[in-house]
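Please open the model in your viewer and keep the sequence panel beside it, since this tour moves from one selection to the next. At each stop you will be told what to pick out and what can be found there.

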Amino acid sequence: MAGEHFEMLLDEDKPKEACGVFGIYAPGQDVARITYYGLYALQHRGQESAGIAVGDGEKITCRKGMGLVGEVFTEDTLRMLKGHIALGHVRYSTAAENTIENAQPHNFYYKQGMIALGHNGNLTNYAELRRKLADSGAVFQSTADSELMINLIVRAGTEDLASGILKTMEQLEGSYSLILITEKKMFGIRDPHGMRPLCLGRLGDGYILASESCALDTIGAEFIRDVKPGEVVMIDEDGVTALQPHRDCKRALCVFEFVYLARPDSVIDGLSVQQARYALGKELAREYPLDGDMVIPVPDSGTSSAFAYAMERGLPFREGLMKNRYVGRTFIRPVQVTRDLGVRLKLNPIREMIFGKRVIMVDDSIVRGTTSGKLVQMIREAGAKEVHLLVSSPPVTHSCYYGIDTSKNGELIAASHCIEEIREHIGADSLGYLSRSGLHAALAPFNPDILCDACFCGDYPIR
Ligand code: SF4
């Protein structure tokens, strides 16, 4: 799909998730099909490629391709994937290029058999580790972190794979929630900071690992618990064995999971994403008690906070922007048509609703500021008397190095402009961002000390 005639649609002004992972160990069940549905539930975490690897006790069979889960897999493909262990992956490329070579799971032969791995996150010492491995004679097929990790694990010189994983974790820096399968076992691994989510569930006699709990709900599995930061869970015929290496690190779950990335019906490390977004909206109402005729969300990620803002202020909550839910992530670049077509393909103002009104629009974040300006303009053109924009997170002033594409520092509008300059740039009557202390207050039930919010302040938890 990539090429000069295609470009990213409206979501270009949002942070991009790196990946979603799903794993199942369930003898006697159609693990490939269940994984397919699990990946559907995680599609929001990555839309560029999808893959499923299945272990049957003797070998691993893997199918992957570029595109959405529904585009990559057919009934025939799923029928070919037979076994009792499966690993699924959806990918958005951040560090590595968007090519089929980097699509996951990565699948390898090693001296004891086969191994496949799917990764969500980004290693900050990737270059250093790769250079060392290359010096020792390793060859690579891709530029993905996951291939490097497989190399480290199988070269660890340990007797069993679990020990190899624990030894490898001592060398890794950065964020990683990963699932690894062999022909007979499944492993779930979460980095010591707990930056990316990973949870464990049960389906009948089988076990599930998933980036988000919404994937467990979708397939009818029961949530057991989150994988702890720094923990390795091994799942085989003996059930679940938890291995916890001793490395003591500052916890740093990505706050953007609650702001924008995760699905609202997920619960991460004990906090409901939906409730977190409500709390952000309420806090926004305390900081910016505006008067207006209605509150409208930028759908869908701004909806929960906009609703909570409206409730708190006693103002009508209205759908002022209609979202086209059938638009994919890429589109054919319009030729000789309005430049704003990209935004209009996805969102259209409901003129009859907002004409002559003082509109308070709530969005979850502004990254580059490109879309916000177009939305404000669209709402004005539809006849709004005033357009006030409130953002339920602080200004994004720093890039992310942990697997979320928040754009480069130079592209972040808040890295080089004050709030008044941004307001002027997007053409709103007023603009308000939730403060960092407001963000912390909203997420207080969670203990903000265990969150990473480096893109709002530059206080990076990992070098
Ligand atoms: Fe999440 Fe921002 Fe931290 Fe990256 S820098 S992990 S996007 S909070």
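How many of the 11 residues of helix α1 are buried? Select α1, residues 31-41, and keep that question in mind while the ground rules are set out. This is a predicted model, in which local features need pLDDT of at least 70 and side-chain atom pairs count only at pLDDT 80 or more, while totals for chains, interfaces and linings use all residues. Residues are numbered from 1 along each chain as its sequence is written, and side-chain values use heavy atoms, with hydrogens and water left out.

**First stop: helix α1**

The helix is mostly covered, with 8 of its 11 residues buried, where buried means under 20% relative accessible area, exposed means over 50%, and partly exposed lies in between (1.4 Å probe, protein chains only). Highlight V31, A32, I34, T35, Y36, G38, L39 and A41 to see the buried residues of α1. Helices (H or I, at least four residues) and strands (E, at least two) are DSSP runs, numbered from the N terminus. Now add β2 (19-25), β3 (49-55), β5 (85-91) and β10 to the selection, and you will find α1 lying across these strands, running at about 25 degrees to β5. For such angles, axes are lines fitted to C-alpha atoms, for helices over the stretch in contact, and the angles run from 0 to 180 degrees between N-to-C directions.

**Second stop: the sheet of 7 strands**

Colour the strands in the order β4-β3-β5-β2-β11-β10-β12, and you have an open sheet of 7 strands with antiparallel pairing. Because β4 (60-66) and β12 (222-226) stand at the edges with a single partner strand each, one side of each is left without a neighbour in the sheet. Neighbouring strands here are turned by 15 degrees against each other on average, direction ignored. Two strands pair if DSSP finds at least two bridges between them; β10 (residues 199-203) and β12 pair in the antiparallel sense over 4 bridges, and C199 has D226 in β12 as its bridge partner.

Stay with the edge strand β4 and pick T61, which lies in it. T61 counts as buried because its relative accessibility is 18%. Not counting residues up to four places away in sequence, T61 touches I52, A53, V54 and L81, where contact means heavy atoms within 4.5 Å.

**Third stop: V69**

Next select V69, which is found in helix α2 (residues 69-72). Is V69 buried or exposed? With a relative accessibility of 0%, V69 counts as buried. Leaving aside its neighbours within four places in sequence, V69 is in contact with Y36, L39, Y40, Q43, A50 and V90. For a longer view, mark V367 as well: this residue is 298 residues from V69 along the chain, and the two C-alpha atoms are separated by 27 Å.

**Fourth stop: a hairpin**

Move on to strands β13 (residues 232-236) and β14 (residues 239-243), which pair in the antiparallel sense over 5 bridges. Together β13 and β14 form a hairpin with 2 residues between them, and D236 has G239 in β14 as its bridge partner.

**Fifth stop: the sheet of 4 strands**

Now show β18-β22-β23-β24, which in this order make up an open sheet of 4 strands with parallel pairing. Its edge strands, β18 (294-297) and β24 (430-433), each pair on one side only, and neighbouring strands of this sheet are turned by 20 degrees against each other on average, direction ignored. Helix α15 (residues 419-426) packs on this sheet, touching β23 and β24, and its direction makes about 130 degrees with that of β24. Between β23 (residues 386-391) and β24 the pairing is parallel, over 4 bridges, and V391 stands opposite Y433 in β24.

**Last stop: the whole protein**

Finally, zoom out and colour the protein by domain: domain 1 covers 2-249 and domain 2 covers 267-457, with bounds from an automatic or database domain assignment. The centres of the two domains, taken over C-alpha atoms, are separated by 32 Å. In total the protein has 17 helices and 25 strands, and buried residues make up 58% of its 463 residues. Its C-alpha atoms fill a box of roughly 70 × 45 × 45 Å, taken along the principal axes.
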